[in-house]
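Here is a short report on one protein chain. Keep the sequence and the coordinates open while reading.

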Amino acid sequence: DYLEAVLGNLSSGVLTLDKNGLILRANRSCRQILGLASEQLSDTGNLTDWIADRSYLKPLAEAISKQSRSGRTTWQQEIRLQRDNASLVLLARGSQLMDQGQVVVFDDVTILNQAQREAAWAEAARRLAHEVKNPLTPIRLAAERLQMKLISKLDSIDGALLDKAASTIVAQVEALRTLVDAFGDYAREPVLTRENIDLNQLIQEVVALYQQGDANTQFHLNLHSEGGHLKADAGRLRQLLHNLLRNAQEGSGSDDAHIDISTAMLDFEDSSWLQCEIRDHGKGFPEAVLQRPFEPYVTHKSGGSGLGLAICRKIVSEHDGRISLHNHPDGGALVTILLPVAT
């Protein structure tokens, strides 16, 4: 009873198996981390039966079986599972129990893993933005000066060639500047100006801009009557909405894009949250994006920088919120945002 109480209160998942691979015991954290009901881990099950209806557990089961066959007394391995369009990263450690089986202890390090990767990307972004931005202005000025000084001295063919080459240089410099600015947004430490805002009103303002500029895009709004009072930086949330709506337009895959936007009030974890969902009716997110949705340079768009969703996640995190990506059962990409409501 004492051992059961200790195991039950550990935050780490603990799984014990006999020498034949039969599951002897799994504590409460093991079931919670892996998303299993109590009856799904029985004393008579083995690893093969375990993954019969839960294919997402296959990498974990294979790692345990492989390490067991290797004869090593102790082992450690990072294991990535994919469940419900969400990535779960486990740090697993195993030990042999004197030829009587083994004990496997694992922790959910998904958030820690993501934080480490974000810190590394932010440092790379800071350095890249600094190194790339400095020479951009001299390059552009040199190209424009050459164009201005020489174009009148050349014949029509050579002049047209010079004009085209200089224009290409200027255009590519501006593209690089846009990319560097995106890097700067990703690496910049948040300095928020929080104020009371109505998210519904902000959504309507942003949508109005798109309706004026792109008449082919149709928006369907289903906004909660209360709107939700947020203590947030209006400029950063406006940038978030622009990024997501632009992604939705591009993800629709046609000139006649349909975008659904809805808001709702939710109560859970002893707090009130405002949920905002943005859905397009295109092909949805590819598997590569769903596996690493907010990592820089993970993109399915040929002309994309790969920083848009990473910046979106950063903005939501700055506001103590949550963001997730899914593919809607009826088709299209779905982005769900949860923001805490000001009290």
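The report goes from the whole chain to a sheet, its helices and a few single residues.

## The chain overall

This is a predicted model. The protein chain has ten helices and twelve strands. Of its 343 residues, 40% count as buried. Take the contacts between residues at least 6 apart in sequence: 57% of them join residues at least 24 apart.

The structure holds zero disulfides. Cys30 is buried, at a relative accessible area of 0%. Cys312 is buried too, and its relative accessible area is 0%. A disulfide is a covalent bond between the sulfur atoms of two cysteines.

## The N-terminal hairpin

Strand β1 covers residues 13-17 and strand β2 covers residues 23-26. They pair in the antiparallel sense over three bridges. Leu15 stands opposite Ala26 in β2.

β1 and β2 form a hairpin, with five residues between them. Gly21 sits in the turn and has a positive phi of about 85°.

## The five-stranded sheet

An open sheet is built from five strands in the order β7-β9-β10-β12-β11, with mixed pairing. Which strands stand at the edges? They are β7 and β11, each with a single partner strand, so one side of each is left without a neighbour in the sheet. Neighbouring strands of this sheet are turned by 20° against each other on average, direction ignored.

At one edge, β11 pairs with strand β12 (residues 333-340). The pairing is antiparallel and runs over six bridges. Within it, Leu325 has Val335 in β12 as its bridge partner. In a regular strand the side chains alternate between the two faces of the sheet.

## Helices on the sheet

α10 packs on the sheet and touches β11 and β12. Its direction makes about 140° with that of β11. Helix α8 (residues 234-252) lies across β7, β9, β10 and β12. It runs at about 30° to β10.

How do α8 and α10 meet? Two packed helices are described by the angle between their axes and the distance between the axes. Here the axes of α8 and α10 come within 10 Å and cross at roughly 145°. The crossing is left-handed. From α8, the residues in contact are Arg236, Leu237, Gln239, Leu240, Asn243, Leu244 and Asn247. From α10, they are Gly308, Leu309, Ile311, Cys312, Lys314, Ile315, Val316 and Glu318.

## α10 and the loop after it

Helix α10 spans residues 308-318 and is mostly covered. Eight of its eleven residues are buried. They are Leu309, Ala310, Ile311, Cys312, Lys314, Ile315, Val316 and Glu318. Lys314 and Glu318 are thus on the buried list, and both also meet α8.

Asp320 follows, in the loop between α10 and β11 (322-327). Is Asp320 buried or exposed? Asp320 counts as exposed because its relative accessibility is 53%, and the cut-off for exposed is over 50%. Its phi is near 60°, a positive value in a residue other than glycine. Most residues other than glycine have a negative phi.

## Two loop residues beside β7

Thr217 lies in the loop between α7 (199-213) and β7 (218-222). What is its setting? Thr217 is buried, with a relative accessible area of 6%. Its side chain makes a polar contact with the side chain of Gln249, at 2.9 Å. Not counting residues up to four places away in sequence, Thr217 touches Gln249, Ala257 and Ile259. Gln249 falls within α8, residues 234-252.

His224 lies in the loop between β7 and β8 (229-232). His224 is partly exposed, with a relative accessible area of 25%. Which residues does His224 contact, leaving aside its neighbours within four places in sequence? They are Asn200, Thr263, Ala264 and Met265. His224 and Ala264 are 40 residues apart in sequence, yet 5.3 Å apart in space, C-alpha to C-alpha. Ala264 falls within β9, residues 258-268.

How values were computed. Residues numbered from 1 in each chain as written. Predicted model: local features only at pLDDT ≥ 70, side-chain atom pairs only at ≥ 80, totals over all residues. Heavy atoms only, no water. Buried < 20%, exposed > 50% of the residue type's maximum accessible area, 1.4 Å probe, protein only. Helix = DSSP H or I, 4+ residues; strand = E, 2+ residues; numbered from the N terminus. Disulfide = S-S within 2.5 Å. Polar contact = N/O pair within 3.5 Å; in protein donor to acceptor, adjacent residues only side chain to side chain. Contact = heavy atoms within 4.5 Å. Pairing = 2+ DSSP bridges. Axes fitted to C-alpha atoms, helices over the stretch in contact; angles between N-to-C directions. Left-handed = near helix turned anticlockwise from the far one by under 90°.
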